[in-house]
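Please take a moment with the sequence and the model before reading on, and keep both in view as you go. The explanation below is meant to be followed step by step, with the structure beside it.

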Amino acid sequence: MKIASWNVNSINARLPRILDWFDAAKPDVCVLQEIKCVDEKFPVSDFEDRGYNVHVYGQKTYNGVALLSKHPVEDVIRGVPGFDDEFSRYIEATITPDDAQPVRVGGLYLPNGNPAPGPKYDYKLAWMEAFEAHARSLLNTEEAVVLTGDYNVIPEPEGVYDPRGWADDALFRLETRTAFRRILNLGYTDALWHTHQGQPFYTFWDYQAGAWNKNNGLRIDHFLMSPQAFDRLSSGGVDKDTRDPSIGNGDVKPSDHVPVWVEME
DNA sequence: ATGGTGGAGCATCCA
């Protein structure tokens, strides 16, 4: 079973490139972030035509997440439990394939938090604290749990092209990394860091200042897997080509994030 | 030091 995550930076502005990727990558499950539309504007039929069950937690203009699955979907929740969030940033459900054990999949769009310090950064830390509590309760179920999405966290210096220049950024400052580490230390594994055996890679390149051409990237999209999920991990990857403006549909600009995925037994 | 790009949706905000 292939599970993917992609911050698409507007589902509707990006749709031809997104559908091309779905037709090639054929994920069983995919969570999307920054769909930037209300539920009614989500192109549901394009995905239903491809065999997906579609669950959307939309929002006008900003944020918005979705969960797509070729397998049956149960117990969908929207928003991190116990956290009164004014934005649509989290969707979670149980996926039950015919040929594999169920997986609880969470798709998240963690707040950016800049500028830091400040109220936006306080919101990021509060979000992470609530998410940590929820991640802990999920571990207590002893089910296979996969928490994936745009974490807006650079976990270690290898995840940024200029660690010194980013030291005070909300994505990399020590308090952010510590909060992320607390979640990992509950008992989750950073699955893509594992499959890459610590070899650096990026999942995001800014639109500005020629970041793609200079390979000035960030590693901010992650898969956190519970022990029961990690034991079933067979491979993981990052579809970097989707970020290249010269590859694929030239009429549509790429997202600044690339799809990330894992294969599970 | 600033602005550099891109999306939503109409002046800016967000990333």
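The paragraphs that follow go from the whole chain to its sheets, then to a pair of helices, some backbone details and the DNA.

It should be said at the outset that this is a predicted model, so a careful reader will keep that in mind throughout. Chain A contains 6 helices and 14 strands. Its radius of gyration is 17 Å, close to the 18 Å that the globule rule gives for 265 residues, and chain A is therefore as compact as a globular protein of that length. If a box is drawn along the principal axes, the C-alpha atoms of chain A fill roughly 45 × 45 × 40 Å.

Before turning to the sheets, it helps to recall that the strands of a sheet pair through backbone hydrogen bonds, in either a parallel or an antiparallel way. One open sheet has 6 strands in the order E3-E4-E2-E1-E14-E13, and its pairing is mixed. At its edges are strand E3 (53–57) and strand E13 (233–238), each of which pairs on one side only, and from one strand to the next the twist averages 10 degrees. Within this order, strand E1 (residues 2–7) and strand E14 (residues 260–264) run antiparallel and are joined by 4 bridges. To find this pairing in the model, you can look for Ser5, which stands opposite Val260 in E14.

Another open sheet, also of 6 strands and with mixed pairing, follows the order E5-E6-E7-E8-E12-E9. Here the edge strands are strand E5 (73–78) and strand E9 (189–190), and each of these pairs on one side only. Strand E7 (residues 103–109) pairs with strand E8 (residues 145–150) in the parallel sense, over 6 bridges, and Val105 stands opposite Val146 in E8.

The next step concerns helices, and two packed helices are described by the angle between their axes and the distance between the axes. How do helix H3 and helix H4 lie relative to each other, roughly parallel or roughly antiparallel? Helix H3 (residues 119–140) packs with helix H4 (residues 174–184) at an angle of about 10 degrees, and their axes are 9 Å apart. Angles under 35 degrees count as roughly parallel, and H3 and H4 are therefore roughly parallel to each other. On the H3 side the contact is made by Leu125, Met128, Phe131, Glu132 and Ala135, while H4 contributes Glu175, Ala179, Arg182 and Ile183. By type, the residues of this contact of H3 with H4 divide into 6 nonpolar, no polar and 3 charged.

Some details of the backbone deserve a careful look as well. In the loop between E7 and H3 lies Pro115, and the peptide bond that leads to it from Asn114 is cis, with omega near -5 degrees. Pro117 lies in the loop between E7 and H3 too, and a cis peptide bond with omega of about 0 degrees joins Ala116 and Pro117. Glu142, which is found in the loop between H3 and E8, has a phi near 60 degrees, a positive value in a residue other than glycine.

Finally, which residues of the protein come nearest to DNA strand B? There are 15 residues around this strand, and of these Ser10, Ala13, Asn112, Tyr207 and Lys253 come nearest. The residues of the surface near DNA strand B divide into 5 nonpolar, 6 polar and 4 charged.

Key. Residues numbered from 1 in each chain as written. Chains lettered and ligands numbered in written order. Predicted model: local features only at pLDDT ≥ 70, side-chain atom pairs only at ≥ 80, totals over all residues. Near = placed C-beta within 6 Å. Nonpolar A, V, L, I, M, F, W, Y, C, P; charged D, E, K, R; others polar. Pairing = 2+ DSSP bridges. Helix = DSSP H or I, 4+ residues; strand = E, 2+ residues; numbered from the N terminus. Axes fitted to C-alpha atoms, helices over the stretch in contact; angles between N-to-C directions. Parallel < 35°, antiparallel > 145°, perpendicular 65-115°, else oblique. Contact = placed C-beta atoms within 7 Å. Rg over C-alpha atoms; globule rule 2.2 N^0.38 Å.
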